[in-house]
Amino acid sequence: MTRKRVGVLISSRGSNMESLVEAAKERSYPAAIALVVSNNPQAPGLARAKAHAIPTAVIDHRSHGKDRAAFERALESDRVELICLAGFMRLLTPAFVLQWQGRMLNIHPALLPSFPGLDAHGQALKAGVKISGATVHLVTPEADAGPIVAQAAVPVGDDDTAETLAARILEVEHHIYPLALRLLAEGRVKLIGNRCHIAGSGPAAGALIVPAEARRAPDVTKE
Ligand code: GRF
């Protein structure tokens, strides 16, 4: 099996990047993390990557602006085949996104198409939803709008704050991102119109996580 070479783009903490690195340690995993690129030289994720002996590169957006060429050089020099955006806070140019269409994933901490953009957790709380979650999708020029590869749901409690909800969602992010990358690297993600079909699985099987709480929902019809 030739493992697909993956570049992970981060801006900060890098916990999702680390979940991909951990998954790729398994011998049967179809992808290898070849490079971690940060636009922020202070990103704690860079140290996390180095601790796993993953090559890192910093492309400081303050000196490069939206320099597509600098990103391309970094990624091409390591023969990257797939890109994972993992808490990457810079907008990419449409030309770059189009060049990588179908080969670039992003993770968003909400059940898209609900709550795209910044502060997804705050948006979910404000809307009063009872379930939120995380989405891994293919990246298209419109932010947080690409075809969905995998989603995971978590319950939203009355006492949740943006922080507690973020922590609960982050846990499932660390499961679905490695899962979605596996599906893409195995060539099992088939784009039909704007929908991703997962080859070799039943309806949404393997790409959907339902929280235990939802499986044994309390009977609220009784006094
Ligand atoms: C995650 O919640 C991800 O969904 C969002 O940014 C956050 C990044 O966290 N896009 P980390 O840097 O992966 O820890």
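**A friendly note on the ligand site and two backbone details**

1. Start with Ser15: an N or O atom in the side chain of Ser15 is 2.5 Å from an oxygen atom of the ligand. Keep in mind as you look around that this is a predicted model.

2. Now turn to the backbone. A polar backbone atom of Gly14 is 2.8 Å from an oxygen atom of the ligand. A nitrogen atom of the ligand also has a partner, since a backbone N or O atom of Ile107 lies 3.0 Å from that nitrogen. As for cover, the ligand on its own has 370 Å² of accessible area, and the protein covers 85% of this.

3. Which residues are around the ligand? Try finding them in the viewer: Arg13, Gly14, Ser15 and Asn16, then Gly87, then Ile107, His108 and Pro109, and finally Glu173. Sorted by class, this shell has five polar, two nonpolar and two charged residues.

4. It helps to link these residues to the fold. Two elements, α1 (residues 15–23) and β5 (residues 104–108), each give at least two residues to the shell around the ligand.

5. Where does the ligand sit among the pockets? The space that the ligand takes is the largest pocket. About 960 Å³ of space lies in this largest pocket. Its lining is made of 34 residues, and those closest to the centre are Gly87, Phe88, Met89, Ile107 and His108. Gly87, Ile107 and His108 should look familiar, as they are also among the residues around the ligand.

6. Which elements supply at least two residues each to the lining of the largest pocket? They are α1, β5, α6 (120–127) and α7 (162–185). By class, the lining has 16 nonpolar, twelve polar and six charged residues. For the shell around the ligand, recall that the counts are two nonpolar, five polar and two charged.

7. Two backbone details deserve a look, and a general rule sets the scene. Most peptide bonds are trans, and most residues other than glycine have a negative phi.

8. The peptide bond between Leu112 and Pro113 is cis, with omega about 10°. To find Pro113, follow the loop between β5 and α6.

9. Is phi of Arg79 positive or negative? Phi of Arg79 is positive, near 50°, and this residue is not a glycine. Look for Arg79 in the loop between α4 (68–77) and β4 (82–85).

Methods. Residues numbered from 1 in each chain as written. Predicted model: local features only at pLDDT ≥ 70, side-chain atom pairs only at ≥ 80, totals over all residues. Heavy atoms only, no water. Near = heavy atom within 4 Å. Polar contact = N/O pair within 3.5 Å; in protein donor to acceptor, adjacent residues only side chain to side chain. Areas by Shrake-Rupley, 256 points an atom, 1.4 Å probe, with all protein chains shown as cover. 1 Å grid on protein atoms, 1.4 Å probe; cavity = no way out; pocket = protein on both sides within 12 Å on 5 of 7 lines; lining within 4 Å. Sits in = over half its atoms within 2 Å of the grid points. Helix = DSSP H or I, 4+ residues; strand = E, 2+ residues; numbered from the N terminus. Nonpolar A, V, L, I, M, F, W, Y, C, P; charged D, E, K, R; others polar. Points joined across faces, edges and corners; volume = space filled by probe spheres on them.
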